[in-house]
Amino acid sequence: MPELESEQPDFAAVPERSKWRYKPRRVWRSRLVRAIALITVLALCALVILAIVRKETGTEGFLVGLGLAVLPVPLLVFAFRWLDRVEPAPWKNLLFALAWGAFASTLVAIFANSFAVEWISSATADPGSAESLGATAVAPVVEETAKGAAVLLLFLFRRRDFTGPVDGLVYAGFTATGFAFTENILYLGNAFGEDQDLGSGGLGTTMATFFARVIMSPFAHPLFTSLTGLGLGFAALLPAGARFRRTRLWLLPLAGLLLAMGLHAMWNGSATFHPLAFVLVYGMFMVPVFGLLTWLAIWSRQKELRTISGELPAYATAGWLALDEPLALSSMRARSMARGYAARAFGKPGAQAVGEYEAFATTLAFLRHRARRGQVPQDFTAREQELLHHLWQRRQVASPALTYAARATGQVWSPPQYLDYGGFNPYRS
């Protein structure tokens, strides 16, 4: 633990600016060549899959399906982003997951499912059973593998941003939200086409499809894929010296993927065989699993906050943080209040400085926590000093705001207004 020995500390171990790993995230600092290549591939997938869906549904059906399918997307994005408030994932990772689910995975799924159904139909000479078998046995395997690939890519290539079950849930949720969005366009567009073919002017099939897919089960695909995300998230927690670590690194994600496929197959099978089976599976399996995963997500988030409150006091004792800051940083309400106070006192730049301070302090807490668990990076000292350097740059604005928030929210005892706050008193004008 580096000690704070003066009012102007020397950050000797901080790497040069070009090699900084922790910095305020800006879109334009991403690696341009990789970003362009990735965006090009996803854009091509988007053009192909949307053209296929428009051809399948017709222009009017496509537009109606698009308008209805987009409705649950903001709700799902907000829900998963809320879970990730402690250490928010970079938006570029989330947008990649969303785009992969909406375009790349759906493109793979539509070709693979169509090929499998045609092959089964030609082999059995029974198109009806081929459709049922494809929906129950083939689609869950293909779709969960295609969606899980995005989460696996983030686990492998964005390891610094993939630290536990919450990250796995969020990345899986964004991927599945994108997949459900494109799939809903297809189903709702086809339903609208059926209503138009009937010529009665009604929208019975469209409304029934909208109720079943958007109202009743908007979390269906995120629920399936979140099991894969949880497997990768728990794999990310494995310390370097854990027994059978290599084996568990394979088994945990594989177990999550198999559970996702199994639950997806059960859901599709219930909808295929009988309406009563659908209601039974929905009530006995989907709702309890959804409740369990919701509890697990909230518990994981609270565990992250406890990690912050457990690791940062060491830096407060060493003099890098004010004594009340770890308690404020481990409370989402206090964090929000600190940003609001800084915005009122210093404007938007002040709120931004406090937000960056909170992000760097959270990263520092998790870095120290992983080091204590045996996951010590080779450049631990440089990374720690870099984070402390960023905290020190924003301390003058962020420390008083967090101290005020900790006392205003009851995290610590609030002194009388005439007492000083260690050189700064927010109660004085």
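**Cavity, pocket and nonpolar patch**

The second largest cavity is lined by P72, V73, L76, T177, A180, F181, N184 and P218. Helices α2 (72–83) and α5 each give two or more residues to this lining, and α5 provides the largest share, 4 residues. By class, the cavity lining holds 6 nonpolar, 2 polar and no charged residues (Ala, Val, Leu, Ile, Met, Phe, Trp, Tyr, Cys and Pro count as nonpolar, Asp, Glu, Lys and Arg as charged, and the others, Gly among them, as polar). The space inside is about 40 Å³. A cavity is a set of points on a 1 Å grid over the protein atoms alone where a 1.4 Å probe fits but cannot get out, a pocket is an open set with protein on both sides within 12 Å along at least five of seven lines, and lining residues have an atom within 4 Å of a point.

The model is predicted, with local features needing pLDDT of at least 70 and side-chain atom pairs pLDDT 80 or more, while totals for chains, interfaces and linings use all residues. Residues are numbered from 1 along each chain as its sequence is written, and side-chain values use heavy atoms, without hydrogens and water.

Turning to the open sites, the second largest pocket contains about 1,400 Å³ of space. Of its 43 lining residues, E143, E183, L186, Y187 and R213 lie nearest the centre. The lining of this pocket comprises 23 nonpolar, 13 polar and 7 charged residues.

On helix α9 sits M284, which counts as exposed because its relative accessibility is 53% (exposed means over 50% relative accessible area, with a 1.4 Å probe and protein chains only).

Notes:
Points joined across faces, edges and corners; volume = space filled by probe spheres on them. Buried < 20%, exposed > 50% of the residue type's maximum accessible area, 1.4 Å probe, protein only.
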